[in-house]
Amino acid sequence: MKKIFLMITVFSFLFSLESSFSQEDILRPKGKKIIGNQANTTNNDNFKRNAFIIGLEGGLNFNMYSSSKSYSPALPDPAGMVTNSGTGLSAYAGLNVGYEINDKFALHFRLNYDQKYFKNTKEGDIDISDANGVYLQTGREKQGYDFTIDYLHLALDLRYNFTKNLFGTVGLFYQSQLGKAVVNVDYYMLTPDAWYNYGTFYPTELHSSDSSSTLPTRTGIELGLGYKYEISHKMYLVPQIRFQYSFSKFDTDGQITDATRSATIGTSTVNTTNQALNSLQFGLGLWFEL
């Protein structure tokens, strides 16, 4: 009887001991201190702190040129206003190096070849004279131009991660001109049986191409939005859209003369000020996390 009672007592003790262990967190046993990184473990297991990123990036610029022009005396509809503005597409490509500060912030340095291109066309009035300079009528002409310039583009951007994939950027850029800019200008006489008086040559079209000087450096701010798409381990495809706003003038103020209405109004002095060039970039990057 005593043996039976002793066995029941032992089994009861073992059962109660087993129950107490089964209710305890076996990963964090009672009385064990959590030290080091174990105390800071989060659910963001995919993020690697202080990671370096190196990547390639390329895409298209949508360039927007603008200026302010004034005519003295005023001309009612001058074709020369064509150079008051312009838009165009061009390419850019370069290197992107990044440093992950934490799961929200990162710094990026970009080194790009950045080409800017813009163009425009406009019709306007022109006084038509005979070979002796005698005024005949006021007709119509069309002027067109295109402008190309290359830059070395340096940028330092701060990236903020809205989610694991979606992010925004803000940063500063510096651009240094590479070589001379190239400008092409075209003139088309639209009035029938009328020509440009070019000495002994009377064409209905004129074309010119020349190099042009602009301010050699520019600075500004960039604002962007992007998305990281993981295509394999530590490799990301990154589409981005970015707006470049320049603090610097595109070129210095200038003054020329316009003689298209010299017979009826007189030669006009044209002043050009506030020249600006800004761009909207559409890019695609390939990032590698180191």
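## Surface and overall composition

Accessible areas here come from the Shrake-Rupley method with a 1.4 Å probe. On that basis the accessible surface of the protein chain comes to about 17,300 Å², and 62% of that surface belongs to carbon and sulfur atoms. The model is a predicted one. Of the 290 residues in the chain, 35% count as buried.

The protein chain contains one helix and twelve strands. Read from the N terminus, the helix is followed by the strands, in the order α-β-β-β-β-β-β-β-β-β-β-β-β. For contacts between residues at least 6 apart in sequence, 72% join residues at least 24 apart.

## Nonpolar cores

In soluble globular proteins, nonpolar side chains tend to be buried together. The largest nonpolar core of this model has twelve residues: Tyr65, Val82, Phe118, Tyr145, Phe147, Ile149, Tyr151, Ala181, Val183, Val185, Phe250 and Leu277. Two elements, β4 (135–161) and β6 (181–189), give two or more residues to this core. The most comes from β4, with four residues.

One member of this core is Phe147. Leaving aside residues up to four places away in sequence, Phe147 touches Lys116, Tyr117, Phe118, Ala181, Val182, Val183, Ser212, Thr214 and Phe250. Apart from the largest core lies another core, of six residues, among them Ile126, Ile128, Ala194 and Tyr196.

## Internal cavity

A search of the whole structure finds one cavity of 30 Å³ or more. About 60 Å³ of space lies in the largest cavity. Its lining consists of Asn96, His108, Arg110, Asp157, Thr169, Gln240, Arg242 and Trp287. The elements that give two or more residues to the lining are β3 (105–129) and β10 (235–246).

By residue class, the lining of the largest cavity divides into one nonpolar, four polar and three charged residues. Trp287 is the nonpolar member, because Trp counts as nonpolar. Arg110, Asp157 and Arg242 are the charged ones, because Asp and Arg count as charged.

## Backbone exceptions

Most residues other than glycine have a negative phi, and most peptide bonds are trans. The peptide bond from Ser72 to Pro73 is cis, with omega near 0 degrees. Pro73 is placed in the loop between β1 (52–72) and β2 (85–100).

Lys234 is not a glycine, yet has a positive phi of about 65 degrees. Lys234 lies in the loop between β9 (229–232) and β10, and counts as partly exposed at 28% relative accessibility. Asn274 also has a positive phi, near 55 degrees. Asn274 is placed in strand β12 (residues 268–289), and is partly exposed with a relative accessible area of 46%.

## Pro76 and its distant contacts

The loop between β1 and β2 also holds Pro76. At 61% relative accessibility, Pro76 counts as exposed, because the cut-off for exposed is over 50%.

Pro76 nevertheless has contacts with residues distant in sequence: not counting residues up to four places away, Pro76 touches Arg261 and Ile265. Pro76 and Arg261 are 185 residues apart in sequence, while their C-alpha atoms are 9.7 Å apart in space.

Methods: Residues numbered from 1 in each chain as written. Predicted model: local features only at pLDDT ≥ 70, side-chain atom pairs only at ≥ 80, totals over all residues. Heavy atoms only, no water. Buried < 20%, exposed > 50% of the residue type's maximum accessible area, 1.4 Å probe, protein only. Contact = heavy atoms within 4.5 Å. Core = buried A, V, L, I, M, F, W, Y, C linked by side-chain atoms within 4.5 Å. 1 Å grid on protein atoms, 1.4 Å probe; cavity = no way out; pocket = protein on both sides within 12 Å on 5 of 7 lines; lining within 4 Å. Points joined across faces, edges and corners; volume = space filled by probe spheres on them.
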